[in-house]
Amino acid sequence: MAKKTVATLQTSSKRLTKAIKMVKSPKTGAYSFSEAIMPPEMVNEWLTKK
């Protein structure tokens, strides 16, 4: 599984990070990308959960 923090976004006083991960479909075996924008502290937790 590839994981990488792509960009750091800033809005007003909050720091946000955009994270992208590859997710494998259990039915077809094809990969798709899942993206989310969240605080930097939550990135590792989001990347490790399936």
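Student: Which residue lies over the face of Trp 46?

Tutor: Keep in mind that this is a predicted model. Trp 46 touches several residues further off in sequence, among them Ile 20, Lys 21 and Ser 34. The one over the face of its ring, at 4.6 Å from the ring centre, is Lys 21.

Student: How many aromatic pairs does the structure hold?

Tutor: Two rings pair if their centres lie within 6.5 Å. Looking through the structure for such aromatic pairs gives a count of zero.

Student: What is the order of the elements from the N terminus on?

Tutor: The protein chain has one helix and three strands to place. Reading from the N terminus, the order is β-β-β-α.

Student: Where in the protein chain is confidence lowest?

Tutor: Overall, the chain averages a pLDDT of 82, and 72% of the residues score at least 70. Where pLDDT is low, the predicted coordinates should not be read in detail. Strand S3 has the highest confidence, at a mean of 93, while the lowest, at a mean of 59, is in residues 3-11, strand S1.

Student: Which element gives the most to the largest nonpolar core?

Tutor: That core has six residues: Ala 19, Ala 36, Met 38, Val 43, Trp 46 and Leu 47. Strand S3 (31-38) and helix H1 (43-48) each bring at least two of them. With three residues, the top supplier is H1.

Student: Is Ala 36 buried or exposed?

Tutor: You'll find Ala 36 in strand S3, touching Thr 17, Lys 18, Ala 19 and Trp 46 once residues up to four places away in sequence are set aside. The cut-off for buried is under 20% relative accessible area. Ala 36 has 19%, so the label is buried.

Student: And how far is the C-alpha atom of Ala 36 from that of Ile 20?

Tutor: Along the chain, Ala 36 and Ile 20 are 16 residues apart. In space, their C-alpha atoms are separated by 6.7 Å.

Student: What about Tyr 31, is that buried or exposed?

Tutor: Tyr 31 is in strand S3 too. Apart from neighbours within four places in sequence, Tyr 31 is in contact with Met 22, Val 23 and Lys 24. A residue counts as exposed over 50%. Tyr 31 has 52% relative accessibility, so the verdict is exposed.

Student: How much of the protein chain is buried?

Tutor: The chain has 50 residues, and the share of them that is buried is 18%. As for the outside, the accessible surface comes to about 4,200 Å². Carbon and sulfur atoms own 54% of that surface. Back to your question: the buried share is 18%.

Student: What share of the contacts joins residues at least 24 apart in sequence?

Tutor: Here we take contacts in the protein chain between residues at least 6 apart in sequence. Of those, the share joining residues at least 24 apart is 21%.

Technical notes: Residues numbered from 1 in each chain as written. Predicted model: local features only at pLDDT ≥ 70, side-chain atom pairs only at ≥ 80, totals over all residues. Heavy atoms only, no water. Core = buried A, V, L, I, M, F, W, Y, C linked by side-chain atoms within 4.5 Å. Buried < 20%, exposed > 50% of the residue type's maximum accessible area, 1.4 Å probe, protein only. Helix = DSSP H or I, 4+ residues; strand = E, 2+ residues; numbered from the N terminus. Contact = heavy atoms within 4.5 Å. pLDDT = per-residue confidence, 0-100. Phe/Tyr/Trp six-rings, centres within 6.5 Å; stacked < 30°, edge-to-face > 60°. Lys NZ or Arg CZ within 6 Å of the ring centre and 35° of its normal. Areas by Shrake-Rupley, 256 points an atom, 1.4 Å probe, with all protein chains shown as cover.
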